Amino acid sequence: MKILFVYTDIDVKGGARSYHFGLGVLSSVLKNAGHATGLHYMFDKWDPDGFSAHVEMFGPDILAYTSDSSQARYTAKLIKQMKDKGILQIAGGTHASLYPEFLKDTDGLDAICVGEGEKPLLDMVTALHKKEDYSGIAGLWVKAKDGSIKQNPQSQFTHDLDAIPFGDREMFNYQQVVASDYDRATVMMSRGCPYKCNYCGSPAMGGLQEGKYVRFRSVENGIAEIKEIVSRYKIKSIFFADDVFTIDRKFVKEFCEAYKHEVDLPFEVTTRVESANYETFKNLIDAGCTRVAMGVESGSQELRRKSLNRKMTNKKIIQAFADAKKAGLKTKSYNIVGFPYETRKMHEETILLNRELNPDSLVCYIFNPYPGTALFDISIKEGFLSPDFLNDDFISRTDTPLNMPLFSRREILECYRSFAYNVYKTRSLKKALIYKVYYSRFGEPLIRLLDIVKKPIQRLAMGS
Ligand code: B12
Ligand code: SF4
């Protein structure tokens with residue numbers, strides 16, 4: 001069978017292409033079973049005509065869309081566009097999984113996959129190939145001709161990650177992806193996160209299936225994939241995209257030992273302040289890690305405890321950043337503004353905490369309510385988010401869809417644009433001003449215009 005995967009990645013800040021881990025492995029699974037796969041990667045610009053032309057040229061039996069909530073409106077438009085073309089259309093990924101109403105609401109969509117897709121998709125393609133009925137496959141919700149929906153039982157989480165083939169990076173034109181992101185490759189050593197932050201889609205995904213959610217690949221399996229990538233593509237560094245890289249300190253130690261001897265490329269990881277200590281950071285730096293990113297999200301302990309379900313103290317955050325620096329690592333903090341119940345005063349606490357941490361670089365996002373999370377439900381219940389939320393304005397990376405009496409949209413945007421400037425202005429005016437431009441209304445167009453100097457500017461601003 002011929003399967004065309006569809007990945008929309010519209011309006012990306014900074015302009016880097018990305019590899020989609022889920023689609024990569026799904027493609028490998030189908031290819032290993034003898035099917036032909038392709039990818040329509042709609043990057044940055046909305047181009048429905050380009051999509052139609054590709055579909056016509058490829059001639060797929062199945063269109064297989066992945067989508068998170070930020071991209072769902074684009075995915076829905078493409079599905080509607082392909083309605084009545086005689087091609088079976090299925091969607092998976094976080095949005096379809098956590099907001100399965102997507103199947104009912106999207107004209108032309110035949111099925112969704114809720115949760116991990118390796119087995120359900122293969123079972124479905126196998127059934128279609130044999131001209132058998134696929135409507136009873138575990139993990140799939142299937143729409144009948146009369147519009148009724150059959151909701152099948154859930155599939156299990158894949159127990160052994162080593163049993164999953166390496167992802168099909170070639171399908172993504174991987175060298176181009178790497179080149180758009182400072183020659184950096186992305187790799188994952190695990191799936192899942194043991195924490196339960198109220199705004200995050202990861203624990204919500206963890207609640208969908210039976211079995212263990214937090215799983216690790218073996219060190220050998222991960223290193224083998226990295227070696228394969230390094231041998232095929234021109235790569236200068238690696239970013240581990242795991243939710244929390246240091247959950248298992250014993251794993252980190254073993255991994256670092258092997259990595260140092262067998263790969264020896266600079267790398268970066270993301271972790272959580274409670275999950276790493278000085279010794280872990282030492283292991284990381286000894287293996288070539290250059291930077292560790294950790295979520296601060298809000299500097300208000302009260303907001304973190306009551307609304308975000310993040311129980312760490314400010315003292316713990318300060319300690320973790322200090323430990324990372326002492327070990328010799330560069331640090332990066334992740335922050336969010338515009339949470340439900342947040343006030344301007346609480347946001348100021350985030351500025352103050354970051355001043356104290358003095359990370360080498362930082363990122364600030366505007367809070368977005370993702371379906372399936374506790375803060376999404378609260379946003380609807382409190383009337384902060386309209387029940388008719390899935391419109392063209394839902395989830396932009398630089399705006400808020402919330403309407404809150406104590407923290408207005410205008411204030412949130414102001415805080416978002418000036419956050420990094422306010423953090424750094426007392427230490428380095430040059431750095432503060434670069435961030436000010438980067439986060440301003442003109443930052444994005446300017447960066448694109450100045451494409452030639454884009455990389456050095458971003459590097460300076462990001463402290464890398
Ligand atoms: C790595 C990662 C990225 C990477 C790579 C993108 C990717 N998804 O591979 C990068 C950095 C590029 C990225 C970008 C973004 N991400 Co991200 N990302 C993750 C992360 C940490 C891991 C995802 C992952 O690779 N998991 C492992 C793979 C194997 O699982 P998977 O992608 O879910 O795919 C499986 C199933 O979902 C299913 N499946 C997926 N697609 C399909 C399609 C079909 C047809 C079928 C049958 C099955 C199927 O089968 C796959 C294999 O089992 C998750 C957190 C998490 N733990 O889920 C956030 C997460 C998915 N990201 C999120 C967000 C918000 C974003 C951004 C919008 C961030 C931003 N502000 O720019 C962008 C959007 C990019 C885009 N165009 O979609 C949210 C999504 C929330 C939501 N409900 O929509 C998550 C859940 C984190 C969070 N904050 O809550 N992300
Ligand atoms: S620690 Fe990170 S990945 Fe885990 S639930 Fe919290 S935000 Fe999500």
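Two strands are taken to pair where DSSP finds at least two bridges between them. In this predicted model, an open sheet of 6 strands has parallel pairing, and within it Glu268 stands opposite Arg291 in E13. A second open sheet has 7 strands with mixed pairing, and the shell around ligand 1 draws at least three residues from each of domain 1 (2-151) and domain 2 (182-461).

**The parallel sheet and its helices**

- The strands of this sheet follow the order E8-E11-E12-E13-E14-E15, and its edges are formed by strand E8 (184-187) and strand E15 (361-366), each of which pairs on one side only.
- Direction ignored, neighbouring strands of this sheet are turned by 20° against each other on average.
- Strand E12 (residues 267-271) and strand E13 (residues 289-297) run parallel and are joined by 5 bridges, with Glu268 standing opposite Arg291 of E13.
- Helix H14 (residues 344-357) packs on the sheet, where it touches E13, strand E14 (330-337) and E15, and its direction makes about 180° with that of E14.
- Helix H16 (residues 409-424) lies across E14 and E15, and runs at about 175° to E15.

**The mixed sheet**

- Here the strand order is E2-E1-E3-E4-E5-E6-E7; strand E2 (36-44) and strand E7 (149-151) stand at the edges with a single partner strand each, so one side of each is left without a neighbour in the sheet.
- From one strand to the next, the twist of this sheet averages 20°.
- Strand E1 (residues 2-10) runs parallel to E2 and is joined to E2 by 9 bridges, and the bridge partner of Leu4 in E2 is Gly38.

**The surroundings of ligand 1**

- There are 38 residues around ligand 1, of which Gly22, Asp68, Gly92, Gly117 and Gly201 come nearest.
- Two or more residues of this shell are given by each of helix H1 (21-32), strand E3 (62-66), strand E4 (88-92), helix H4 (94-98), helix H6 (118-129) and helix H8 (201-206).
- Sorted by class, the shell around ligand 1 holds 16 nonpolar, 15 polar and 7 charged residues.

**The surroundings of ligand 2**

- The residues that surround ligand 2 are Cys193, Tyr195, Lys196, Cys197, Cys200, Ser202, Pro203, Asp243, Val244, Arg272 and Gly295.
- By class, 6 nonpolar, 2 polar and 3 charged residues make up the shell around ligand 2.

Definitions and conventions: Residues numbered from 1 in each chain as written. Chains lettered and ligands numbered in written order. Predicted model: local features only at pLDDT ≥ 70, side-chain atom pairs only at ≥ 80, totals over all residues. Near = placed C-beta within 6 Å. Helix = DSSP H or I, 4+ residues; strand = E, 2+ residues; numbered from the N terminus. Nonpolar A, V, L, I, M, F, W, Y, C, P; charged D, E, K, R; others polar. Domains from an automatic or database assignment. Axes fitted to C-alpha atoms, helices over the stretch in contact; angles between N-to-C directions. Contact = placed C-beta atoms within 7 Å.
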